[in-house]
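Student: I should like to understand how the structural labels in this model are justified. May we take them one at a time?

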Amino acid sequence: MAMMYQEGAVYLSGQRVKRAPAVPEVLSPEVVCVYARFSNDQLQRDASIEDQVRTCADAATANGWLVEPSLIFRDAGISGAQMSTRDGIQTLLHRIESEKTKTFQGVLFDDSSRLGRNLSEVLSFCKICEFYQVFLYFVNQELDSRDPNFYQLIIQLANGDEQFLKKLKQAVTRGQKGRIAEGMIHGGRYYGYKTVAIADPTKRSTASKIAIKGVKLVIDDAEAATVRAIFTWAEEGRSFPQIARDCSDANFSRPCTVNGAAGVWTRDTVWRIICNRLYCGFLSYGKKTTVKHPITGKIQMRRVPQSQWTIKHSPDLAIVTIEQWDRVRSMVNTRKSLGVPRMAGSGRRDKSAPISLFSGLLFCDECGNPFVVSGKVERGGRFLKCKTFRYERR
């Protein structure tokens, strides 16, 4: 008798035996981590990080993934133009490359722009994750890196994110030029002036913040008298260190530092005042621009041709006359061309000026100012001295 064999049955010695049903294998959910970022352009709240994490967690639940709370990487207040300057994304990248036994299988982003706004870096990051078998998922676009069309789509998205930064830079530059054209400043502190906010009636104010159109400068009478004295002393032929000591002896109000704290009178402070055309009534913008190194991310300042500057003459801001400013600048340029040496030989044209080993590394415990080189070799030697002590002779 012929015996018919059926698929899924077990036969022992020609006899058909019923097989027990297979037990389905229970798979553990894939573990994913979250990366969140917001930039420092003041367009987003600090709570944006938590909002992004919550959105990613909801998407993970909907897809059956498990978010590990200890694997949430953040970069708060950092632009997406460069990955090398973001600690959070660098830590995530190190975990992906170094872990032999992966503790997570994917990375979630709220939006493609949160990963970065540099097309080449975004593609490189995606290639690295693909090599180490870590998938990427972008919630807003519902884009999974395991999709066959992923690279075609991510190139379009990343290119749009990169163009956003370029358009934003152009819009900011256009807005700053418009402020100068209307007699307002683009930012910063200037000795001899006070700032006054100009309210904007066309915008809606809130209980905590008044809508402003811009900020204008108003002459501070007390500090303006100091500026006039500095220009007078410079016209008499006094050097910048002498003028700085005279300002300290006269107990003039000190200029503020970048952080807003009271600084000290130094030759550099005097030089910045004398070389600024604002004190004869000229507002300017666009003298320098910043560029980032494509690999290291370091910011470099570059000068812009004078033909591209934005300059507006505002006579109401003039503390000294144009004629006096020109005379002083002419004297400064003459001394510079003659090669007048700076203190401690730092202005020598050759390379014979010695450099202190600890210059720029030591700071005063009382005032926080750095130690600088002082003295001359023929007068007993050069030594380090607190900047405050040196210029105020305490």
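Student: Where does aspartate 200 lie?

Tutor: The model is a predicted one. In it, aspartate 200 is found in the loop between β8 (193-199) and β9 (212-219).

Student: Why does aspartate 200 count as buried?

Tutor: Buried means under 20% relative accessible area. Aspartate 200 has 11% relative accessibility, so the residue counts as buried. Leaving out residues up to four places away in sequence, aspartate 200 touches Ala211, Ile212 and Lys213.

Student: What makes phenylalanine 109 and phenylalanine 125 an edge-to-face pair?

Tutor: Ring centres must lie within 6.5 Å, and planes over 60 degrees apart count as edge-to-face. Here the rings are 6.4 Å apart centre to centre, with 80° between the planes, so both conditions are met. Phenylalanine 109 belongs to strand β5 (residues 106-109) and phenylalanine 125 to helix α4 (residues 119-131), so the pair ties together parts 16 residues apart in sequence.

Student: Are these two residues, phenylalanine 109 and phenylalanine 125, buried or exposed?

Tutor: Phenylalanine 109 is buried, at a relative accessible area of 0%. Phenylalanine 125, at 2% relative accessibility, also counts as buried.

Student: Why is the pair of tryptophan 233 and phenylalanine 252 called stacked?

Tutor: Planes under 30 degrees apart count as stacked. The planes of tryptophan 233 and phenylalanine 252 stand at 25° and the ring centres are 6.2 Å apart, so the pair is stacked. Since tryptophan 233 lies in helix α6 and phenylalanine 252 in the loop between α7 and α8, the pair ties together parts 19 residues apart in sequence.

Student: What accessibility class does each of tryptophan 233 and phenylalanine 252 receive?

Tutor: Tryptophan 233, at 17% relative accessibility, counts as buried. Phenylalanine 252, at 23%, counts as partly exposed, because buried requires a value under 20% and exposed one over 50%.

Student: Which residues of the largest nonpolar core touch the most other members?

Tutor: Of its 32 residues, these are Ile230, Phe231, Trp265, Val270, Ile273, Ile274 and Tyr279. Helix α6 (221-235) is one of the elements that supply at least two residues, and α6 gives the most, with seven.

Student: How do you know that valine 270 is in contact with Trp265?

Tutor: Contact means heavy atoms within 4.5 Å, so valine 270 and Trp265 meet that limit. Neighbours within four places in sequence being set aside, the other contacts of valine 270 are Ile230, Phe240, Ile243 and Ala244.

How values were computed
Residues numbered from 1 in each chain as written. Predicted model: local features only at pLDDT ≥ 70, side-chain atom pairs only at ≥ 80, totals over all residues. Heavy atoms only, no water. Helix = DSSP H or I, 4+ residues; strand = E, 2+ residues; numbered from the N terminus. Buried < 20%, exposed > 50% of the residue type's maximum accessible area, 1.4 Å probe, protein only. Core = buried A, V, L, I, M, F, W, Y, C linked by side-chain atoms within 4.5 Å. Phe/Tyr/Trp six-rings, centres within 6.5 Å; stacked < 30°, edge-to-face > 60°.
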